[in-house]
Amino acid sequence: MSNANERQAELQAQYDRYLEADLKLDLTRGKPSTEQLDLSNELDGILGGFYMLQDGTDVRNYGGILGIPEARKLGSEILECRPEQTMVGGNSSLNLMYTFIDHKLTEWGEGAKFLCPVPGYDRHFAICAHFDIEMLTVPMTDDGPDMAVIEEMVTADPNIKGIWCVPKYSNPTGHTYSKETVQAFAGLPRKAGPGFCIFWDNAYAVHDLEEPGDTLHSLMTEAEKAGTQDSVVMLASTSKVTFAGAGISFLATGENSLKGYEKFLSSQVIGFDKVNQLRHVRFLEDMDKVRAHMAKHRDLIKPKFDMVLNKLETALGGKDIATWTSPRGGYFISLDTKPGLATGIVELAANAGVKLTPAGATFPYGKDPENTNIRIAPTYPSLSELEKAMDVFVTCVELATLNAELG
Ligand SMILES: Cc1ncc(COP(=O)(O)O)c(C=O)c1O
């Protein structure tokens, strides 16, 4: 038997033992762990019966669709723009993205298309699929999406009305866009057809795994210089800062654009949850406090990322089996297998009780043309569960690769 055949038999025996172990482990979604959520329990009761703002607003009552001034200010600091450009929504920035696109549909007309840097965030793609917006993929580079390709595409096709960006610690690759990329984005609406919007989903704006973290150049500052601020739609939320299911979200855009969106929203909501907004500003206060709070998250999740990277390196390093990212922030590690193997690996792992995000989810229409990309989300499981899950995962990756090579 060759060395490779021996290794294949060894891995198969190991895999069969996992099958018998009746594991139930989940690496699918980028959710904060219970310990991370516990960091923000102080939110409960923080108002101590005081509901009045300095300007006399009672946050328990109706109104204030753009949010309380204190929360708009906090959002503007996270997104690096001005409070007048920033509104505060409910517990989901995804919902703001959805409704913003909904409000642009009439202006865009039939046949709107979006650019999707890949791999990317599946729920962005789900919004496009829901509205029948055709998705066109764009390759990523280490500096962000390939701007030359993007500029060529938007110049050639005025029906391209938007692009999805996760500019800091991108989901799933962990890339942060370079200053040159941000500057090129600020000029992009001038090259595109009417109504073009950049969806700048800064979901991981303050989610550093290293100290200091990456610096993202301010898109709004550059857009104001280029006069394209109304084509910029920036988003963030406290979902992975405080409570994932009960945080607050932010949307920032040029003031004209914000007026149009406010009008659209006012036909469906009188105001978002201002009590929760006040709780959040009392708890998070300002960027110094936000950074100090995020350092506590880092202490909890960095060991998990380190462990995953360690397992990958120990089991797969130097074997020409897979490549993976070592993110400096965010919630994911992105792994590429040999072409054609990702779906099979996810299936092998699932049969052994380890759930992974479906292969292909990081591409529009769920179709990864090379069938290589797998997203690993290390934050939710405990360190010991994660360790078990990774043992199974690396076995599946190597076994599937050898099975493909040896038949
Ligand atoms: C890039 C990105 N945007 C948005 C979200 C969801 O944000 P929210 O909870 O504010 O809707 C996520 C969650 O995983 C994400 O990764």
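**Close-up views**

**Figure 1. Asp320, an exposed residue with a relative accessible area of 60%.** The structure is a predicted model, in which local features need pLDDT of at least 70 and side-chain atom pairs count only at pLDDT 80 or more, while totals for chains, interfaces and linings use all residues. Residues are numbered from 1 along each chain as its sequence is written, and side-chain values use heavy atoms, with hydrogens and water left out. Exposed means over 50% relative accessible area, buried under 20%, and partly exposed in between (1.4 Å probe, protein chains only). Asp320 belongs to the loop between helix H11 (287–316) and strand S10 (323–324). Helices (H or I, at least four residues) and strands (E, at least two) are DSSP runs, numbered from the N terminus. The phi of Asp320 is near 55°, a positive value in a residue other than glycine.

**Figure 2. The loop between S6 and H7, with Tyr169 and Pro172.** Most residues other than glycine have a negative phi, and most peptide bonds are trans. Tyr169 has a positive phi, near 45°. This residue is buried, at a relative accessible area of 1%. In the same loop lies Pro172, which is joined to Asn171 by a cis peptide bond with omega of about 10°. A further cis peptide bond connects Val118 and Pro119, with omega of about -5°. Pro119 is placed in the loop between S3 and helix H5 (122–130).

**Figure 3. The shell of 13 residues around the ligand.** A residue is near the ligand if one of its heavy atoms lies within 4 Å of it. Ser93, Asp201, Tyr204, Ser239 and Lys240 come nearest. The shell divides into six nonpolar, five polar and two charged residues. Here Ala, Val, Leu, Ile, Met, Phe, Trp, Tyr, Cys and Pro count as nonpolar, Asp, Glu, Lys and Arg as charged, and the others, Gly among them, as polar. Helix H4 (residues 93–108) supplies the largest share of the shell, three residues. Polar side-chain atoms lie 2.7 Å from a ligand oxygen atom in the case of Ser93, 2.6 Å in that of Tyr204, and 2.7 Å in that of Ser237. The ligand taken alone exposes 400 Å², of which the protein buries 88%. Accessible areas come from the Shrake-Rupley method with a 1.4 Å probe; for residues, only the protein chains shown count as cover.

**Figure 4. The surroundings of Thr379, in the loop between strand S13 (373–376) and helix H13 (383–406).** Thr379 is buried, its relative accessible area being 0%. The Thr379 side chain reaches the backbone oxygen of Lys31 at 2.6 Å. This is a polar contact (a pair of N or O atoms within 3.5 Å; within protein, one must be able to donate a hydrogen and the other to accept it, and residues adjacent in sequence count only if both atoms are side-chain atoms). Apart from neighbours within four places in sequence, the residues in contact with Thr379 include Gly30, Lys31, Pro32, Ser33 and Gln36, as well as Ile301, Lys304, Phe305 and Tyr331. Contact means heavy atoms within 4.5 Å.

**Figure 5. Aromatic pairs, with 12 counted by the ring-centre rule.** Rings of Phe, Tyr and Trp (its six-membered ring) pair if their centres lie within 6.5 Å; planes under 30 degrees apart count as stacked, over 60 as edge-to-face and the rest as tilted. Phe114 and Trp164 form a tilted pair, 5.6 Å centre to centre with 50° between the planes. Phe114 lies in strand S3 (residues 113–118) and Trp164 in strand S6 (residues 160–165), so the pair ties together parts that are 50 residues apart in sequence. Phe114 and Trp164 are both buried. The rings of Tyr177 and Trp200 are edge-to-face because their planes stand at 85°, with centres 5.5 Å apart. Since Tyr177 is in the loop between S6 and helix H7 (179–191) and Trp200 in strand S7 (residues 197–201), this pair ties together parts 23 residues apart in sequence. Tyr177 is buried at 3% relative accessibility, and Trp200 is buried at 1%. One aromatic cluster is formed by Phe100, Trp108, Phe114, Trp164, Phe199 and Tyr261.

**Figure 6. Helix H10 (residues 274–284), largely enclosed by the rest of the structure.** Nine of the 11 residues of H10 are buried, among them Val275, Leu278, Val281 and Phe283. The buried residues pack against helix H3 (69–79), strand S2 (86–89) and H11. At the N-terminal end, Asp273 caps H10 through a side-chain oxygen 3.1 Å from the backbone nitrogen of Val275. Glu285, which follows H10, has a positive phi, near 55°.
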